[in-house]
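Here are my notes after a first pass through the model. Have it open while you read, and tell me where you disagree.

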Amino acid sequence: MKLSREEVIHIAALARMGLSEAEIEKAREQLADILENFEVLKEVDTANVPPTAQSINLSNVMRDDVPRESLAVEQVLANAPDREDDLFKLRPVLE
Amino acid sequence: MTDKHRDLTIHAAHELLKAKKISSVELTQDYLARIKAVDPQVRAVLTVTAEYALEQAKKADERIAAGKAQPLTGVPFLIKDNMSTKGIKTTCGSKMLENFVPPYNATVVEKLHGAGAVMVGKANMDEYAMGSSTENSAFFTTHNPWDMSRVPGGSSGGSAAGVAANEAVFALGSDTGGSIRQPAGFCSVTGFKPTYGRVSRYGLVAFASSLDQIGPLTKDALDSALVMNVISGHDPADSTSAAEPVPDYTKGLTKDLKGMKIGIPKEYFVEGMQPEVDAVVKEAIKQLEALGAKVEWGVSLPQTPHALAVYYIIAPSEASANLARYDGSKYGYAYLDTDNMWEGMEKTKQFGFGPEVKRRIMLGNYALSSGYYDAYYLKAQKVRTLIRREFDAAFEKYDALVTPTSPTVPFKIGERADDPLSMYLSDVCTLPVNIAGIPGISIPAGFAKGLPVGLQIIGKSFAEETLLKISYAFQQVTDWHTKRPEV
């Protein structure tokens with residue numbers, strides 16, 4: 001079994017991730033193999049079993065909202081791929 | 001290689017430093033020379049931080065002279081390249097972060113600095129810690145020092161190989177599904193994944209946030225305890241770190257295991273396990289029995305075979321969310337040769353991420369997408385509950401569970417690279433531990449076909465002391481952990 005081209009393109013698009021034609025073809029097979037392996041979970045009876053999202057019993061960890069020193073602007077922008085003055089420079093969102 | 005080099009544990013190095021038989025600067029120079037001599041073959045290190053290390057060593061010597069030496073003061077270590085080091089490249093084994101220089105230190109880095117330890121380099125790893133062999137590193141593959149044609153395991157393969165080849169006294173790794181324990185087993189070092197939340201993840205590049213945990217790779221259990229003493233504890237910067245008090249992990253180490261109950265879960269002796277590995281593991285378990293532990297064979301944890309599927313749904317789902325941030329806007333690789341924002345993002349990810357990372361992003365998005373969420377993600381979370389419950393029930397009867405770390409000895413470089421499923425299977429014994437969030441350790445158990453075999457010991461949440469105690473006792477009557485590869 002293979003995923004369809006459209007399925008692979010769809011899930012890559014959900015991540016805004018581009019793929020080459022060769023990558024799409026490879027993914028159709030490899031993802032299908034892995035997904036087939038997930039079928040074992042269908043046999044497990046999970047009626048009335050709550051989901052676990054994390055393994056420690058912490059919830060809503062709060063702290064006082066105390067102002068503290070932040071990184072300097074230059075430090076924050078030091079790794080920016082593109083910048084203008086003190087700002088990150090991005091491609092236009094609206095044409 | 002016949003160069004004279006040091007083979008030291010942390011505790012042995014500490015004695016030498018304290019007695020002023022050697023200075024930290026000399027020790028650091030020796031380890032840097034060793035890296036220079038053997039790393040062209042082993043390839044454990046992505047960035048050697050020689051200048052920085054010698055500065056730190058100088059400070060450590062001042063501290064030792066002032067009589068303020070702590071056990072880690074002046075001792076050279078490697079750190080996996082997914083932990084942020086201020087002013088020093090942190091690549092995460094990815095082209096995406098090839099030139100990323102963090103503006104702050106991870107909490108573990110701050111803590112090791114505070115203890116006076118000396119960082120000699122950043123260790124190679126599978127890209128974003130996704131892999132079991134370091135073959136997914138965007139830069140190069142690390143070799144197993146026991147057989148250079150084989151993988152060191154992964155994803156903390158550089159950390160494990162570096163310690164085994166004596167390129168550092170100890171290392172830090174991270175473990176999301178076995179990434180400390182599996183390479184520790186493959187390289188014959190002691191690798192410890194603590195309870196989820198025991199060590200702060202602040203400054204660790206996120207892979208799967210409900211599974212990731214930092215831990216030490218060392219020469220023995222005592223060293224592991226010494227590192228744990230420094231890196232454990234609550235951190236206000238990581239709201240998932242545990243408030244549990246941190247004991248002195250060296251305190252409970254004893255030479256016998258009288259009164260201890262150990263269960264051997266049969267599901268971990270999987271189909272496809274190499275008979276030679278099986279024999280080594282069983283021999284090691286008999287050794288634990290000889291030390292006074294009451295061993296019960298044939299314990300059953302029937303959910304174990306489901307762990308692989310649960311893991312490969314949950315970890316990629318969390319990863320797909322965590323890795324969405326690499327869009328070429330704030331840091332990391334960016335495809336700038338376009339005026340179109342969407343094209344820029346798509347090409348940034350297409351060219352910045354390697355094949356395994358892309359595969360997991362797609363798997364995660366598939367499992368989380370509408371129409372599949374209930375069947376995959378939610379179902380996996382429910383089975384996760386069952387796996388946890390099963391461990392909880394087992395730990396009402398046993399102090400620890402003992403299993404192989406991996407079903408096979410280290411495989412050949414290239415052998416599984418094109419077959420993701422067979423690669424995933426090498427972590428089949430370690431994954432359930434992360435799913436449950438409990439601690440696990442891998443210790444050297446012997447050799448099969450001349451290659452290392454790891455023994456995994458699993459405990460209940462915050463039972464780090466129990467695991468270290470069993471490991472320490474085992475290492476008092478065996479010498480597997482003192483064997484070194486000829487590099």
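1. Start with the radius of gyration of chain A, which comes out at 23 Å, whereas a compact globule of 95 residues would be near 12 Å. Bear in mind that this is a predicted model. Along its principal axes, the C-alpha trace of chain A covers about 55 × 45 × 25 Å. As for burial, 15% of the 95 residues of chain A count as buried.

2. On secondary structure, chain A carries three helices and two strands. Going along the sequence, the order in chain A is α-α-α-β-β.

3. Now the contact between the chains: 43 residues of chain A touch 56 residues of chain B. Helix 1 (5–14) and helix 2 (21–37) of chain A each put at least two residues into the side of chain A that touches chain B. Helix 2 of chain A gives the largest share of that side, with seven residues. By residue type, the side of chain A facing chain B splits into 28 nonpolar, nine polar and six charged.

4. Have a look at Ala53(A), which sits in the loop between helix 2 and helix 3 (73–77) of chain A. Is Ala53(A) buried or exposed? With 11 other C-beta atoms within 10 Å, Ala53(A) is exposed, because the cut-off for exposed is 12 or fewer. Once its neighbours within four places in sequence are set aside, Ala53(A) is in contact with Ser210(B) and Gln381(B). Another pair to try in your viewer is Ala53(A) and Arg83(A): they are 30 residues apart in sequence, and their C-alpha atoms are 38 Å apart in space.

5. Over in chain B, I checked the geometry of helix 15 (residues 464–477). Its 14 residues, at 1.5 Å a residue, should span 20 Å, and the end C-alpha atoms are 21 Å apart, so the two agree.

6. How many of the 14 residues of helix 15 of chain B are buried? The count is 11, so helix 15 is largely enclosed by the rest of the structure. Among them are Glu464(B) and Lys469(B), along with Leu467(B), Leu468(B), Ile470(B), Tyr472(B) and Phe474(B).

7. And what do the buried residues of helix 15 of chain B pack against? The helices on the list are helix 7 (221–231) and helix 8 (275–290) of chain B. The strands are strand 5 (190–193), strand 9 (400–404), strand 10 (440–448) and strand 11 (451–458) of chain B.

Notes: Residues are numbered from 1 along each chain as its sequence is written. Chains are lettered from A and ligands numbered from 1 in the order in which they are written. This is a predicted model: local features need pLDDT of at least 70, side-chain atom pairs count only at pLDDT 80 or more; totals for chains, interfaces and linings use all residues. Two residues are in contact if their C-beta atoms, placed from the backbone, lie within 7 Å. Helices (H or I, at least four residues) and strands (E, at least two) are DSSP runs, numbered from the N terminus. Ala, Val, Leu, Ile, Met, Phe, Trp, Tyr, Cys and Pro count as nonpolar, Asp, Glu, Lys and Arg as charged, and the others, Gly among them, as polar. The radius of gyration is taken over C-alpha atoms; the globule rule is 2.2 Å times the number of residues to the power 0.38. A residue is buried if 20 or more other C-beta atoms lie within 10 Å of its own, exposed if 12 or fewer, and partly exposed in between; C-beta atoms are placed from the backbone. The expected span of a helix is 1.5 Å times one less than its number of residues.
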